[in-house]
Amino acid sequence: NVTFLVRSQMIKSEDVDIRNNFETTFKQSHDVRLGVTPTEIRYENNQFITTCSDGTTLQTEQCLVAAGITPNSDLLKLEKTSIKYCSKGFIQVDNACETSVPNVFAFGDIIGRYQFRHSANFEGQHLFDSVIRKGKKQPLHYPPMPHAVFTNPQVASVGLTEDQCIEQSIKFMVGKNLYKDSAMGMALRSETDMVKLIFEQETNKLIGAHIIGKEAASMIHILIIGINLGITAEQLQSMIYVHPALPEVIRNAARKVKL
């Protein structure tokens, strides 16, 4: 049995529909306490005793604290160099990942842009192709950065969320479809898994894609390609999809967009 004490919301950076879906589903199999924080933790008689902000007390065998990210740049002794870093410890680089010292480059978690292994792979490949192969640094241009949360249910996303579209005053259209409204979704006995697609109203181009459910981290790749190529709702609808396969849920979501 695992109890989650969550300061505000779970996966709060995800699209609102995905976040709400996840919290509802996750609570069915876990004790999740939103808006509750530990005020004191002590270890007595082989037990962690946690006092919570809501006045309750937990006694547990294990205690995991996940409280953000701190770069380990202090281990690099950067103060002995001319390499600049911010107050949080992230190394400062230009648009080509070059530090304040010429011909010294940094990439990955330590520069504080993205905290993903696949983003570090992308940056490292760019540096290898430009600096090592061509002998000249070149600006790094990021395509839309995808990510996945390997929980149960699984979550995957690329592009803008609905909240971001509203914040940026982008007029948009939404298409949503549940897994269960497809042959494979029914076979998997999926009840809450879903796909949400966001299209720019003016161009009908896909600008955001969000999935919660089985194989989400694999399913998202067709939409990563779509966003990078500027695919429209009509093009997603007109493709032939293998039946019965989960990507049919993507087609069904595109069909539900009001053009």
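This report describes the sheet, the nonpolar cores, the salt bridges and the aromatic pairs of a predicted model.

## The five-stranded sheet

Five strands, in the order 6-7-10-9-8, make up an open sheet with antiparallel pairing. Strand 6 and strand 8 form its edges, each pairing on one side only. From one strand to the next, the twist averages 10°.

At one edge, three bridges join strand 6 and strand 7 in the antiparallel sense. Val 149 has Val 155 in strand 7 as its bridge partner. Helix 5 packs on the sheet, where it touches strand 6, strand 7, strand 9 and strand 10. The direction of helix 5 makes about 175° with that of strand 10.

At the other edge, strand 8 and strand 9 run antiparallel and are joined by seven bridges. Leu 178 stands opposite Met 194, a residue of strand 9. The two faces of strand 8 are unlike in their cover: Met 173, Gly 175 and Asn 177 form the covered face, whereas Phe 172, Val 174, Lys 176 and Leu 178 form the uncovered one.

## Nonpolar cores

In soluble globular proteins, nonpolar side chains tend to be buried together. The largest nonpolar core of this model has 26 residues, and those with the most contacts inside it are Val 195, Leu 197, Leu 223 and Leu 236. At least two residues of this core come from each of strand 7 (155-159), strand 9, strand 10 (206-212), helix 5 (216-229), helix 6 (233-238) and helix 7. Helix 5 supplies the largest share, six residues.

The surroundings of Leu 197 illustrate how these elements meet. Leaving aside residues up to four places away in sequence, Leu 197 touches Met 173, Val 174, Gly 175, Leu 206, Gly 208, Ala 209, Leu 223, Leu 236, Ile 250, Ala 253 and Ala 254. Apart from the largest core lies another, of ten residues, which include Val 6, Phe 26, Val 32 and Val 155.

## Salt bridges

The whole structure contains 14 salt bridges. In one of them, the side chains of Asp 17 and Lys 196 meet at 2.7 Å, N to O. Asp 17 belongs to helix 1 (residues 16-27) and Lys 196 to strand 9 (residues 194-200), so this pair ties together parts that are 179 residues apart in sequence. Asp 17 is partly exposed, with a relative accessible area of 22%, whereas Lys 196 is buried, at 0% relative accessibility.

Lys 196 also meets the side chain of Glu 162 in a salt bridge, at 2.6 Å, N to O. Because Glu 162 lies in helix 3 (residues 162-167) and Lys 196 in strand 9, the pair ties together parts that are 34 residues apart in sequence. Through shared partners, salt bridges join Asp 15, Asp 17, Glu 162, Lys 176 and Lys 196 into one network.

A further salt bridge is formed by the side chains of Asp 181 and Lys 256, at 4.0 Å, N to O. Asp 181 is found in the loop between strand 8 (172-178) and helix 4 (183-187), and Lys 256 in the segment after helix 7 (248-255), so parts that are 75 residues apart in sequence are tied together. Both partners are partly exposed: the relative accessible area is 41% for Asp 181 and 43% for Lys 256.

## Aromatic pairs

A pair of aromatic rings is described by the distance of the centres and the angle of the planes. Five aromatic pairs are found in the whole structure. The ring centres of Phe 122 and Tyr 142 are 6.0 Å apart and the planes lie at 35°, so the pair is tilted. Phe 122 is part of helix 2 (residues 117-133) and Tyr 142 of the loop between helix 2 and strand 6 (147-149), so the pair ties together parts that are 20 residues apart in sequence. Phe 122 is partly exposed, with a relative accessible area of 31%, and Tyr 142 is likewise partly exposed, at 24%.

Elsewhere, ring pairs link Phe 4, Phe 22 and Phe 26 into a cluster. One of these residues, Phe 26, is also among the residues of the ten-residue core.

## The loop before helix 2

Pro 102 lies in the loop between strand 5 (57-60) and helix 2. Pro 102 is exposed, with a relative accessible area of 61%. Its C-alpha is 9.5 Å from that of Ile 83, a residue 19 positions apart from Pro 102 in sequence.

Conventions
Residues are numbered from 1 along each chain as its sequence is written. This is a predicted model: local features need pLDDT of at least 70, side-chain atom pairs count only at pLDDT 80 or more; totals for chains, interfaces and linings use all residues. Side-chain values use heavy atoms; hydrogens and water are left out. Rings of Phe, Tyr and Trp (its six-membered ring) pair if their centres lie within 6.5 Å; planes under 30 degrees apart count as stacked, over 60 as edge-to-face and the rest as tilted. Helices (H or I, at least four residues) and strands (E, at least two) are DSSP runs, numbered from the N terminus. Buried means under 20% relative accessible area, exposed over 50%, partly exposed in between (1.4 Å probe, protein chains only). A nonpolar core is a set of buried Ala, Val, Leu, Ile, Met, Phe, Trp, Tyr and Cys residues joined through side-chain atoms within 4.5 Å. Contact means heavy atoms within 4.5 Å. Two strands pair if DSSP finds at least two bridges between them. Axes are lines fitted to C-alpha atoms, for helices over the stretch in contact, and angles run from 0 to 180 degrees between N-to-C directions.
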